[in-house]
2 protein chains.
Amino acid sequence: MVEKGRLYVVSGPSGVGKNTVIDKAIAGRDDICFSTSVTTRKPREGEIDGEDYFFVDRETFDKMVRDGELLEHATYVSNGYGTPKAFVEEKISQGMSVISDIDVQGGRQIKAATDYSVLIFIVTPTMDELRKRLEARGTETEESIRSRLERAKAEYAESIDYDYIIVNDDLDTAAEEMKAIFTAEKCRYKNREFYLKEV
Amino acid sequence: MVEKGRLYVVSGPSGVGKNTVIDKAIAGRDDICFSTSVTTRKPREGEIDGEDYFFVDRETFDKMVRDGELLEHATYVSNGYGTPKAFVEEKISQGMSVISDIDVQGGRQIKAATDYSVLIFIVTPTMDELRKRLEARGTETEESIRSRLERAKAEYAESIDYDYIIVNDDLDTAAEEMKAIFTAEKCRYKNREFYLKEV
């Protein structure tokens with residue numbers, strides 16, 4: 001028997017520093033990999049099929065949706081994107097965990113479709129701090145900042161199914177908390193029950 | 001708002017090294033303390049009321065049971081022992097966690113009575129290893145070892161309500177896992193939801 005992996009869904013508003021926390025938390029680990037999405041978008045220069053994305057045509061994508069082969073899916077700019085069930089479940093059964101950075105709607109779809117997903121929501125200590133981080137980018141108009149803050153509030157309200165909240169105040173603390181969640185989830189009773197049965 | 005503490009119940013068969021793991025995991029921390037039990041047993045030389053135990057007479061103890069003031073209780077050698085609700089809940093509301101080393105029956109009582117308990121079961125990698133550790137003590141008869149192993153198997157079967165399993169193979173790993181559980185439990189959605197509401 002092997003301790004199975006998990007599918008970690010990490011969500012949070014734009015500007016919260018999600019990817020910085022993830023990168024720090026998984027640095028140097030070979031037991032966690034990023035999820036590879038399926039998309040109907042055309043590959044860009046240098047993108048590799050099966051690595052950056054699984055590139056499929058719309059017909060194949062729609063069939064995958066119908067056949068329940070995607071754990072979640074959504075459309076952006078008329079392209080379909082989804083999380084392939086087979087890819088995730090193969091990794092997990094080998095004891096690898098998979099991490100996916102998607103929005104709250106996707107997280108909720110995944111939670112409903114699986115019993116091996118763990119949903120982590122990352123927030124700033126205050127909404128003011130989120131505004132400051134968006135302003136610090138220097139690339140956002142006042143209009144787009146306002147719209148991102150509105151969207152953040154909506155995501156907060158919809159995050160009710162999430163398992164954990166990480167407050168990204170200090171990056172080191174946030175990354176340590178994410179690592180602790182990875183370790184604790186390995187220790188879950190269901191994941192180690194087989195020890196009790198083998199004895 | 002403050003992040004609340006948890007009541008950690010740590011159970012596991014005699015000989016598994018429970019207290020060694022706990023001691024290593026909580027060393028140097030001021031955010032976790034041991035639970036102080038209520039007992040009808042007479043104080044021994046040097047024992048301090050309110051520190052080693054809360055010493056009460058049988059009438060008081062029985063009244064505490066009737067009034068729901070104990071989260072769990074049991075009788076050993078005709079003395080009553082129990083976990084006082086008020087003590088635990090005061091610590092937890094201050095953001096302290098409380099750790100209690102009790103058996104599976106007590107753990108299940110606590111789980112049923114609270115929404116802030118986290119149950120951790122500690123095991124050896126195999127039943128053979130548990131036998132070896134009991135033999136290594138040099139104080140157990142073959143008869144008492146056999147009886148302890150039988151009891152361990154029964155506890156394994158009854159541990160179904162537990163949240164986590166720690167396999168005490170390597171002490172450092174086991175203590176790190178316990179510490180990761182402490183950290184992850186602080187990050188639980190319910191425990192940090194107030195961040196989403198204050199913004």
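These questions and answers cover a sheet in chain A, a chain contact and a helix pair in chain B of a predicted model.

In this model, local features need pLDDT of at least 70, side-chain atom pairs count only at pLDDT 80 or more, and totals for chains, interfaces and linings use all residues. Residues are numbered from 1 along each chain as its sequence is written, and chains are lettered from A and ligands numbered from 1 in the order in which they are written.

Trainee: Which strands are at the edges of the open sheet in chain A?
Mentor: Strands are DSSP runs of E, at least two residues, and helices are runs of H or I, at least four, both numbered from the N terminus. Two strands pair if DSSP finds at least two bridges between them. The five strands pair in parallel, in the order β2-β7-β1-β8-β9 (chain A). An edge strand pairs on one side only, which here gives β2 (32-34) and β9 (164-167) of chain A.

Trainee: Which residue in β9(A) stands opposite F121(A)?
Mentor: β8 of chain A spans residues 117-123. Four bridges join β8 to β9(A) in the parallel sense. The residue of β9(A) opposite F121(A) is I165(A).

Trainee: At about what angle does α4 of chain A run to β1(A)?
Mentor: Axes are lines fitted to C-alpha atoms, for helices over the stretch in contact, and angles run from 0 to 180 degrees between N-to-C directions. Contact requires C-beta atoms, placed from the backbone, within 7 Å. Helix α4 (residues 104-113) lies across β1 and β8 of chain A. Its angle to β1(A) is about 155°.

Trainee: Which element gives the most to the side of chain B that touches chain A?
Mentor: Each chain puts 23 residues into the contact. On the chain B side, β9 (164-167), α7 (171-186) and α8 (189-198) each supply at least two residues. With five residues, the top contributor is α7(B).

Trainee: How many residues on that side of chain B are nonpolar?
Mentor: Ala, Val, Leu, Ile, Met, Phe, Trp, Tyr, Cys and Pro count as nonpolar, Asp, Glu, Lys and Arg as charged, and the others, Gly among them, as polar. Three residues are polar and four are charged. The nonpolar count is 16.

Trainee: Is α1(B) parallel or oblique to α7(B)?
Mentor: The axes of α1 (residues 18-26) of chain B and α7(B) come within 8 Å and cross at roughly 60°. Angles under 35 degrees count as roughly parallel, over 145 as roughly antiparallel, 65 to 115 as roughly perpendicular and the rest as oblique. Therefore α1(B) is, relative to α7(B), oblique.

How values were computed
Contact = placed C-beta atoms within 7 Å.
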